[in-house]
Amino acid sequence: MLLTTNINQVIENIKKFQIELNKKNGKNDLVNALGQFTNWFAHKDELGNWIFAPSKFIGYQEMSLKEYENKNQNKLDGRQTDAILKKWKITPSKEQDKELKEKLCLFLDRYQKRIKTTAKVYILSENQDGEIEQSKALITILKTWDKDTQKKVISDINIYEQSLR
């Protein structure tokens, strides 16, 4: 299966996940796996409500219950989807994380499932160019500073970036 290539595919998959869960009267492989997913993404729907889906589902193009039920044949791999979804992933603040996990727990309760203890919930960024815009803003600010300060800030950013690897 092909990995998603744009944010619109990911958003459609999150919405589709909500529908696919209820197929076969809610007795399907997706429902059975709800407590096993480690990486969840949260997205606000048109009504402003948080909806959730696991990275393993939303990271593939044209994902469906049928495709998921053939996961071994389709060689679905959450590590691949985690890597592709990284560019749209926002790590929530502690307060947001608590709220999102509570809402995810309520969502899973509908299916008599519990959140995995190691599960993480990320917010789906709808702005693909968010990092580019932030970089442009930083460059604009840097240009107003003297050269020595610019070099120091750039050095600090490089050191920080290396520490994340």
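1. Which residues does Glu20 touch, not counting residues up to four places away in sequence? In this predicted model, the list is Asn28, Leu30, Phe57, Ser64 and Leu65. Glu20 sits in helix α1. Its relative accessible area is 4%, and the cut-off for burial is under 20%, so Glu20 counts as buried. The side chain of Glu20 also makes a polar contact of 2.8 Å with the side chain of Lys23.

2. Helix α1 covers residues 7-20, which is 14 residues. At 1.5 Å a residue the expected span is 20 Å, and the end C-alpha atoms are 20 Å apart, so the model agrees with expectation here. At the start of α1, Asn6 places a side-chain oxygen within 2.9 Å of the backbone nitrogen of Asn8.

3. The buried residues of α1 are Ile7, Val10, Ile11, Asn13, Ile14, Phe17, Gln18 and Glu20. On helix geometry in general, there are 3.6 residues a turn, so residues three or four places apart point the same way. Polar residues appear in the buried set too, among them Asn13, Gln18 and Glu20.

4. The sheet is open and has 4 strands, ordered β2-β1-β4-β3, with mixed pairing. Strands β2 (50-54) and β3 (89-90) are at the edges; each has a single partner strand, so one side of each lacks a neighbour in the sheet. Strand β1 (residues 39-44) runs antiparallel to β2, and 5 bridges join the two. Within this pairing, Trp40 has Pro54 of β2 as its bridge partner.

5. Two helices are to be noted against the sheet. Helix α1 lies across β1, β2 and β4 (120-124), at about 95 degrees to β2. Helix α7 (residues 94-109) packs on the sheet as well, touching β1, β2 and β4, and its direction makes about 80 degrees with that of β2.

6. The largest nonpolar core contains 36 residues, and Phe17, Leu34, Trp40 and Phe107 have the most contacts inside it. Two or more residues come from each of α1, α2 (29-33), β1, β2, α3 (55-58), α4 (65-69), α7 and β4. The most is given by α1, with 5 residues. As a general point, nonpolar side chains in soluble globular proteins tend to be buried together.

7. Leu34 deserves its own entry. Leaving out residues up to four places away in sequence, Leu34 touches Phe17, Leu21, Trp40, Leu108, Tyr111 and Lys113. Of these, Phe17 and Trp40 are, with Leu34 itself, among the residues with the most contacts inside the core.

Terms used. Residues are numbered from 1 along each chain as its sequence is written. This is a predicted model: local features need pLDDT of at least 70, side-chain atom pairs count only at pLDDT 80 or more; totals for chains, interfaces and linings use all residues. Side-chain values use heavy atoms; hydrogens and water are left out. The expected span of a helix is 1.5 Å times one less than its number of residues. Buried means under 20% relative accessible area, exposed over 50%, partly exposed in between (1.4 Å probe, protein chains only). A polar contact is a pair of N or O atoms within 3.5 Å; within protein, one must be able to donate a hydrogen and the other to accept it, and residues adjacent in sequence count only if both atoms are side-chain atoms. Two strands pair if DSSP finds at least two bridges between them. Contact means heavy atoms within 4.5 Å. Axes are lines fitted to C-alpha atoms, for helices over the stretch in contact, and angles run from 0 to 180 degrees between N-to-C directions. A nonpolar core is a set of buried Ala, Val, Leu, Ile, Met, Phe, Trp, Tyr and Cys residues joined through side-chain atoms within 4.5 Å.
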